[in-house]
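Student: I have a new model open and would like to learn how to read it. Could you take me through its features one by one?

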Amino acid sequence: MKKTSVRILVALLVTLALGGIYFYITLPAINIFYQGFWVSLALGIACFTAIYSLLSIKQGFAPKGVSKKFFNFEGKTVLKVSLSLVAVPVLVLIIGNIASSTFFNAERYSNIIEVPEAVFEEDMPETAVVSNIALMDSETAQKMGDRTLGALSDVVSQYEINPTYRQINYKRTPQKVSNLEYADFFKWLSNRKSGIPGYVMVDPVNVTEANYIKLDKPIKYADSAFFGEDLHRKLRMSYPTKIFGSYSFEVDDNGNPYYIVSCMKPTVFLFGAMDVNEVIIFNPVDGSSEIYALKDVPSWVDNVFTGNLAAQKYDWYGTLKNGFWNSIIGNKDCKVTTDDFGYIVIGDDVWFFTGVTSVTSDESNIGFIISNARTGEYKFYPVIGAEEYSAMRAAEGEVQEKGYVASFPSLINVSGQATYIMVLKDSGGLVKLYALVNVEKYSVVATGTTQTEAKQEYIKLLKQNGIITDGSSSNDDTVPSADITVKNVRIVTMGGESAVYITGSDGCLYKQSVAADESVLLIEEGNELTVSYYETDVEKIRQIAQWSFKKAEATE
């Protein structure tokens, strides 16, 4: 009995030592709702059994020609118990996955989210220039960031940019941001005392800007660091029981760096429908962190949910509400998201945008959803039309001789019309053109070297195709208007496009493309006008949405 106890103790100590190394390397969550925990437990018991077996081998009877040591063991009871225990986590994994599956829980999966219907024109009013949508994709942002970093000789030799650019709302404007990383182990070893000096911020709206931001205090904890400075290891040691979801590098409104770490929890039985329930805000400069309930996350945080998780939850909602078998065979009223998503800033939050299509459809959308990346809120817009990839092909076909590639589009309101907006890039990833495609009639495509140029051409096409009436360029009652007396009229030609610039009695300059509205050529000095307009990025320069002579003048 004494020998058996010694063997158990030795096997247990060796298993614990190996388990500690395994934990330090793989960093599993110590949580019964995490499948990796049960895998680790099974491996640990199997490891103990193997070590104990080796310690328990004794000489005994064996067939001729075969080593006897493989056939006799001491402490057979312990071996039987430990082998039986290996089956426990295996059974938990098998039974847990089956019991958590959509087959048994279709209704619970479909009720994870609520998706109220909203009015597109109210939530997305028309503007002269799109400033709340990230038109640039992450691939282009990465190339621009690499060029910016390449100009910094003292940085580029030691660091590289993390390729995962995160979409954030920085001071109410869309930005893509990514931190620097150590280039390799030896770069970390030689630079760990000085840390990571900064990050790159790319403006995805004004698609020519990328800036390197040098920090006052360097980043210590990162993906590319090692041992105790590894970001994942630091978080695991601080929160051993949390199931980590996404890691998102962000900056607050003062430019201070943080990692936003989503903590997951199953909403269906043991492993099913994993969703965010808490958020860790981690300071990579000093290693401090704070955990928040989902409802208490600060408003400057943008990336709690991922676009893939948002789409997955909607797919559960859209396909399983009439039962599991209907999602497989009948497909009645089954809806799914399209294959990708874009971003749009509304208020102080980043929202994911993606189309919704019928399971049996491959060329058209039955509407669109947006999902709040911080709160997980959803909205559905019943706007029927072409799905995003059809619109992208239509835009590429408009300039097919140039071989440009379209970015994934987003949705805007132009003259009351749901419209895709995207950029067209060359083979080097440089943005060459803007493109607008009508959602309902994706044969209506307009391109231009600037947003304004593309929009003016698009409005012209809408009129030519009878989609909107001539003389009206907006159906949005919220567009501001002014009564002015014309002080001066000038016609300016830039890039082959002519535009009329009107100086008003209110001190503002109003502009309109001749191609978009030829009637502006009728305006003369001294005319009294009523003008609906959009503000532009330049103060006191306004884009004309709609205009008319004042009625008193027209009756003279």
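**Reading helix H10 and beyond**

Tutor: Let us begin with one helix of this predicted model: in H10, the buried residues are Gly307, Leu309, Ala310, Ala311, Lys313, Tyr314, Trp316, Tyr317, Gly318, Thr319 and Leu320.

Student: What does that list say about the surroundings of H10?

Tutor: A residue counts as buried when its relative accessible area is under 20%. Because 11 of the 14 residues of H10 are buried, the helix is largely enclosed by the rest of the structure.

Student: What span should the 14 residues of H10 have, and how far apart are its end C-alpha atoms?

Tutor: Helix H10 covers residues 307-320, and at 1.5 Å a residue it should span 20 Å; its end C-alpha atoms are 20 Å apart, which agrees.

Student: How many helices and strands does the chain have, and how does its radius of gyration stand against that of a compact globule?

Tutor: The chain has 14 helices and 28 strands. For 556 residues, a compact globule would have a radius of gyration near 24 Å, whereas this chain has 31 Å. Its C-alpha atoms fill a box of roughly 120 × 60 × 45 Å along the principal axes. Of its residues, 49% count as buried, and the area that the chain exposes is about 26600 Å², with 55% supplied by carbon and sulfur atoms.

Student: Which residues have the most contacts inside the largest nonpolar core?

Tutor: A nonpolar core is read as a set of buried residues joined through their side chains. The largest one here has 45 residues, and Leu411, Tyr420, Met422 and Leu424 have the most contacts inside it. Among the elements that each supply at least two residues of this core are strand E14 (349-358), helix H12 (388-398), strand E20 (410-414) and helix H13 (451-464). The largest share, six residues, comes from strand E21. Apart from this core lies another, of 37 residues, which includes Met144, Leu180, Val251 and Tyr259.

Student: What does Leu411 touch, leaving aside residues up to four places away in sequence?

Tutor: With those neighbours left out, Leu411 touches ten partners that you can find one by one: Phe120, Met124, Ile133, Ile344, Phe353, Phe368, Ala418, Thr419, Tyr420 and Val439.

Student: How should I read the sign of phi in a residue?

Tutor: Most residues other than glycine have a negative phi, and that gives you a background against which to read two residues here. Arginine 172 has a positive phi, near 70°, and its place is the loop between strand E4 (166-170) and strand E5 (173-182). Aspartate 333 also has a positive phi, of about 60°, although it is not a glycine; this residue is found in the loop between helix H11 (324-330) and strand E12 (335-337).

Student: How exposed are arginine 172 and aspartate 333?

Tutor: Arginine 172 is exposed, with a relative accessible area of 55%, while aspartate 333, at 47%, is partly exposed.

Student: Is asparagine 191 buried or exposed, and which side chain does a polar contact join to its own?

Tutor: Asparagine 191, which is found in helix H8 (residues 185-191), has a relative accessible area of 12% and is therefore buried. Its side chain is joined to that of glutamine 158 by a polar contact of 2.8 Å. Not counting residues up to four places away in sequence, asparagine 191 touches Gln158, Tyr159 and Tyr182.

Technical notes:
Residues numbered from 1 in each chain as written. Predicted model: local features only at pLDDT ≥ 70, side-chain atom pairs only at ≥ 80, totals over all residues. Heavy atoms only, no water. Helix = DSSP H or I, 4+ residues; strand = E, 2+ residues; numbered from the N terminus. Expected span 1.5 Å × (residues − 1). Buried < 20%, exposed > 50% of the residue type's maximum accessible area, 1.4 Å probe, protein only. Core = buried A, V, L, I, M, F, W, Y, C linked by side-chain atoms within 4.5 Å. Contact = heavy atoms within 4.5 Å. Rg over C-alpha atoms; globule rule 2.2 N^0.38 Å. Areas by Shrake-Rupley, 256 points an atom, 1.4 Å probe, with all protein chains shown as cover. Polar contact = N/O pair within 3.5 Å; in protein donor to acceptor, adjacent residues only side chain to side chain.
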